[in-house]
Amino acid sequence: MKSSCAMIRAIGVGFQYAGYEIPSLGSTELEAREGQLIVLQGENGSGKSTFLRCLAGLMPQFYQGTTHGELTVDGLDAFAADPHEFFGRCALVSQEPRSQAFCPNLFEEIAFGLRNLGLKENISFRVEEAAEAVGLTPFLGHSVRTLSGGQQKLALLACHLALRPKILLLDEPLANLDEDSQRRLIQLIAREKSQGTLLIVSEHQRGPLSAYTDEVLTLKGPAVQLPTEQPLPLASLPPRLAITGWLAKDCDWGHQSVVLSDINFHLPTHPGLLITGANGSGKTTLLKALRGLLPPRRGRLDFNGVPLKKQKISQMASVIGYAGQHSDQHFFCLTVKEELEASAHLCGRYDANWLEWLSQQWGLNSLAERPPYHLSGGEKRRLLLAASLAARPELLLWDEPTAGLDSVYQNRVKAMISQLQAHGFSVIASEHHENLPLERRMHLKQGQVFV
Ligand SMILES: Nc1ncnc2c1ncn2[C@@H]1O[C@H](COP(=O)(O)OP(=O)(O)OP(=O)(O)O)[C@@H](O)[C@H]1O
Ligand SMILES: [Mg+2]
């Protein structure tokens, strides 16, 4: 028999975003009590983030649409209560934490919530305690936007932890975290659970949380036929250029502080290179630099024998395809179809067969007319990876390409990497785990590059 003092009770809960014909969240049942850890699973687009938004009291106040069923969260009717009533008692750390940060530094970011709770004393203590819990004490003076992707997730978690909520909603917290940070986060989840916090966590990685999980809730989205793997349309491939690669001489990179210092390397183009390193070690910085988006603070970086700063970023787009870590930063078109085709048009390298193949391979056909910002986290990543290939570039720079993808599309990334390499593409990717089919390794540690 279920307990009568459930903190969350969902009866037939569903949600349909305004303007869409089918519900994004089907009828969902859940009864959860304090001190439990409930894990949400399901394919990309199955409604995990949508359900978390419902639990956080954001539907339909922040996301317009039609709600179904009854949802009670800590005594509040989640579909009718004022969102401010959720503040401090039920916290959502979203999949794209960057969009939630706005203060000049991490200290202020954490303190902001505490001040809004009306707290006047103990603010420093609570800020420091929260930063310590996620291992970010050394970064209290840094802007959250300059932290690495994994650190940003931890930073936003610290902001919510400081408020000591009764319910913690975590949307894919392990994606983008290195092994140490994952371990720390799991310890933290265990500690919160033992203190009576109810945790609802959406996660594609099954293993790490299993020891603490009380219940797994699997969400099923609308039945979508998974695209079968099709061979590359070879006739679409342009003749390959002779590219010699990158040469770095005495380079320093970083924003507020130097992340990579005194870097010297010769990186000839090679079918595959995997960049590894802990959170904050500089993987994203290096990939941005290789793409020509981040000039070195000191030193010289050449691409193909010419200093990168003398090359046009736009021209490089037809040679290098780039998919960064934060999907939301990249989109600028009104529909998925336009977004996919944009770089091909801009580079004068449009090829209908190629784009059709890309759209099919990345499961974008059914999403073609959607605004990119209305996609789920995994769907955005698929669009970003597909768009990086649209202009048929020879080189690909992919920053954590499998983060947030379900197992089907994680496998698709691996298969695609093998397929591309076999046909003369070079793929350089950063990842926390080492199971991408990339032969060479580059490791970043304490500001240095080890090839
Ligand atoms: N703001 C929005 N407006 C309209 N549709 C949306 C919006 N956000 C998500 N969707 C759609 O709702 C469905 C469920 O999305 P949701 O983000 O909840 O999935 P998810 O299970 O969290 O997926 P992922 O594993 O990729 O994060 C998807 O089809 C998605 O495209
Ligand atoms: Mg999601």
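The exercises below work through a magnesium site, a helix, the cysteines and the empty spaces of a predicted model.

Residues are numbered from 1 along each chain as its sequence is written, and chains are lettered from A and ligands numbered from 1 in the order in which they are written. In this predicted model, local features need pLDDT of at least 70, side-chain atom pairs count only at pLDDT 80 or more, and totals for chains, interfaces and linings use all residues, while side-chain values use heavy atoms, with hydrogens and water left out.

**Exercise 1. The magnesium site**

Identify the protein donors of the magnesium ion (ligand 2) and place them in the chain.

Step 1. Donors are N, O and S atoms within 2.8 Å of the metal (3.2 Å for Na, K and Ca); water is not among the atoms, so sites may look incomplete.

Step 2. Ser 49 (OG) and Gln 95 (OE1) are the protein donors, lying 2.0 to 2.4 Å from the magnesium ion.

Step 3. Ser 49 belongs to helix H1 (residues 48-55), and Gln 95 to the loop between strand E6 (90-93) and helix H2 (106-116), so the two donors tie together parts that are 46 residues apart in sequence. Helices (H or I, at least four residues) and strands (E, at least two) are DSSP runs, numbered from the N terminus.

Step 4. Ser 49 has a relative accessible area of 16% and is therefore buried. The classes are buried (under 20% relative accessible area), exposed (over 50%) and partly exposed (in between), with a 1.4 Å probe and protein chains only.

**Exercise 2. Helix H1 and its surroundings**

Determine which residues of H1 are buried.

Step 1. The buried residues in H1 are Lys 48, Ser 49, Thr 50, Phe 51, Leu 52, Cys 54 and Leu 55.

Step 2. Because seven of the eight residues of H1 are buried, the helix is largely enclosed by the rest of the structure.

Step 3. Just after H1, Gly 57 has a positive phi of about 75°.

**Exercise 3. Cysteines**

Count the disulfides and explain the state of Cys 54.

Step 1. A disulfide is a pair of cysteine sulfur atoms within 2.5 Å. By this rule there are zero disulfides.

Step 2. The closest cysteine sulfur to that of Cys 54 is in Cys 90, and at 11 Å it is too far for a bond. Cys 347 is also in no disulfide, as the nearest cysteine sulfur, that of Cys 333, is 13 Å away.

Step 3. Cys 54 is buried, at 0% relative accessibility.

**Exercise 4. Cavities**

Find the cavities of 30 Å³ or more in the whole structure and describe their linings.

Step 1. On a 1 Å grid over the protein atoms alone, a cavity is a set of points where a 1.4 Å probe fits but cannot get out; a pocket is an open set with protein on both sides within 12 Å along at least five of seven lines; lining residues have an atom within 4 Å of a point. Grid points are joined across faces, edges and corners, and a volume is the space filled by probe spheres set on the points.

Step 2. The search finds two cavities. The largest holds about 200 Å³ of space. Its lining has 16 residues, with Gln 95, Glu 96, Asn 176, Gln 325 and Arg 381 closest to the centre.

Step 3. H4 and helix H10 (377-389) give two or more residues to this lining, and H10 gives the most, with three. Three lining residues of the largest cavity are nonpolar, nine polar and four charged. The classes are nonpolar (Ala, Val, Leu, Ile, Met, Phe, Trp, Tyr, Cys and Pro), charged (Asp, Glu, Lys and Arg) and polar (the others, Gly among them).

Step 4. The second largest cavity holds about 70 Å³. Its lining includes Val 93, Ser 94, Lys 153 and Leu 177. The largest share, three residues, comes from H4. By class, this lining has seven nonpolar, one polar and two charged residues.

**Exercise 5. The second largest pocket**

Characterise the second largest pocket by volume, lining and domains.

Step 1. The volume of this pocket is about 1100 Å³.

Step 2. Its lining has 50 residues, and Leu 177, Asp 178, Glu 179, Gln 182 and His 432 lie nearest its centre. The lining comprises 13 nonpolar, 23 polar and 14 charged residues.

Step 3. Elements that each supply at least two lining residues include helix H4 (149-161), helix H5 (179-194) and helix H11 (407-422).

Step 4. Domain 1 (8-218) and domain 2 (234-450) each provide at least three residues of the pocket lining. The domain bounds come from an automatic or database domain assignment.
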